[in-house]
Amino acid sequence: MFQTFKNAWKIPDLRKKMLFTLMIILLYRIGANLFVPFVNVDAIVSQTHTQELTAGVFGMLSLFSGGAFEQATLFALSVSPYITASIVIQLLTIAIPALERLSKQGEEGKKKINQITRIVTVVLALITAYGYVKLLESYGLLLIDKEANKAMYYFGMVTMVAAFCAGASIIMWLAERINDYGIGNGISIILFANIISRAATMITELRNLMMSSNYDEITSQQQWKTGGELAIGITEVVIFVVVFAALIGFIVWFTNSERRIPIQYAKRVVGRKMYGGQNSNLPLKLNMAGVMPIIFASSIVSILPTIANFTGGGFQTFVQNWLDSGTPIYIISYIVLIWLFSYFYIMISFNPVEVSNNIRSQGGSVPGIRPGKPTSDYIKKILNRITTLGAFFLILVAGVPMIIGATVPDFARLATFGGSSLLILVGVALETAQQLEAQMSMRNYKGFLDN
């Protein structure tokens with residue numbers, strides 16, 4: 001993979017795309033460190049309320065935003081509104097005939113659907129921004145007080161909601177610019193950069209496993225554990241590192257695995273030349289859905305706990321007790337949604353009937369299977385098995401670390417960095433490398449005019 005990036009860097013066109021992508025990431029990281037007006041920066045920097053803004057379901061939001069959520073910066077909402085809007089529009093495309101017709105109108109229909117997605121993103125960003133500002137107010141992180149000056153209070157509220165909503169819209173625009181002029185999927189690249197930026201936090205959490213809760217009165221620093229407690233802490237760190245490395249290897253192996261359906265092409269005589277008569281295959285990735293089911297499931301399952309934390313009151317207490325991150329209902333819902341979205345994503349991205357028709361039009365057939373509907377049924381049966389296996393894989397990678405974090409308190413914070421985030425990192429890296437390889441192959445292809 002590293003060799004792929006090295007070779008791509010030598011091609012001027014691809015180098016420009018890579019530099020453009022890096023520039024967008026840099027702009028995002030700048031926005032993720034810009035404070036909005038009327039936020040108590042001193043309280044944020046002193047991390048007075050960081051524990052509340054990184055606990056439970058907020059831990060995933062903070063991870064996906066690269067720390068912007070807990071710091072209350074311009075890009076605090078991150079890609080969540082855009083992802084949620086994309087899910088809503090994709091679901092409505094199946095349910096509403098008008099949107100389904102638009103999706104089948106080619107490039108023009110795609111542009112209209114993208115425009116609708118942008119509008120829904122802004123609406124969701126406005127709602128989420130208001131709830132987020134109220135959350136900051138409940139933690140005392142604002143510089144405005146309703147009792148002291150009502151006019152300034154309402155002005156500040158409108159300004160902050162507009163700023164956070166604008167931040168979410170800018171992120172959507174940056175992601176689309178990567179899609180058009182950069183390398184890889186824009187949303188995935190931004191998520192990749194955000195998770196990488198939290199690596200230092202993960203190292204700090206590993207270090208805390210070997211530190212005691214007592215502070216040195218002279219240096220005001222945490223003290224190292226001693227004796228058996230230090231040995232247990234070191235053992236926990238070693239276990240985490242070993243499991244982390246093994247999980248990376250397993251994800252890479254499974255992501256690159258595929259089920260190949262053999263295709264045989266009949267011989268055809270065109271003029272004086274004979275074509276066909278070759279054997280090929282139809283490769284189907286075992287994890288065809290990639291990381292999208294996890295991203296979709298994370299966005300949907302966090303909606304109710306997020307709303308509850310924004311609103312407060314008895315509803316917040318009920319959700320924290322029964323539906324917050326780490327509770328059995330939350331974990332079961334997360335796993336079920338991963339399973340459902342695995343099938344949903346394959347259903348909207350892969351059409352066995354269309355693939356069967358393409359094979360038939362090119363004079364190909366699956367050995368032992370009649371062309372037409374029998375071939376599409378056979379491909380669909382294989383696809384269902386692969387989707388089931390891929391769903392189990394995603395549940396194993398994303399669900400198991402969450403269960404471990406809920407049952408082992410020492411790994412609760414570290415579980416946020418494992419599983420889904422690791423799958424996103426590996427998946428985005430492999431997907432980007434494959435895109436670079438495909439573009440290098442096109443640029444190195446020699447036609448009949450090249451001598």
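This passage describes strand pairing, one buried helix residue and the nonpolar cores of a predicted model. Local features rest on pLDDT of at least 70 and side-chain atom pairs on pLDDT 80 or more, whereas totals for chains, interfaces and linings use all residues. Residues are numbered from 1 along each chain as its sequence is written, and side-chain values use heavy atoms, with hydrogens and water left out.

Strand β3 (residues 258-265) pairs with strand β6 (residues 279-285) in the antiparallel sense over 7 bridges, where strands are DSSP runs of E of at least two residues and helices runs of H or I of at least four, numbered from the N terminus, and pairing requires at least two DSSP bridges. Within this pair, I261 stands opposite L282 of β6. Strand β3 is also joined, by 2 bridges and in antiparallel orientation, to strand β7 (residues 364-365), in which S365 is the bridge partner of Q264.

Helix α10 (residues 150-181) contains E176, which is buried at a relative accessible area of 11% (buried, under 20%; exposed, over 50%; partly exposed, in between; 1.4 Å probe, protein chains only). Not counting residues up to four places away in sequence, E176 touches Y82 and R118, contact being heavy atoms within 4.5 Å.

The largest nonpolar core, a set of buried Ala, Val, Leu, Ile, Met, Phe, Trp, Tyr and Cys residues joined through side-chain atoms within 4.5 Å, has 93 residues, and Y132, M160 and F164 have the most contacts inside it. Helix α10 provides the largest share of this core, 13 residues. Apart from this core lies another, of 7 residues, among them L14, I183, L436 and M440.
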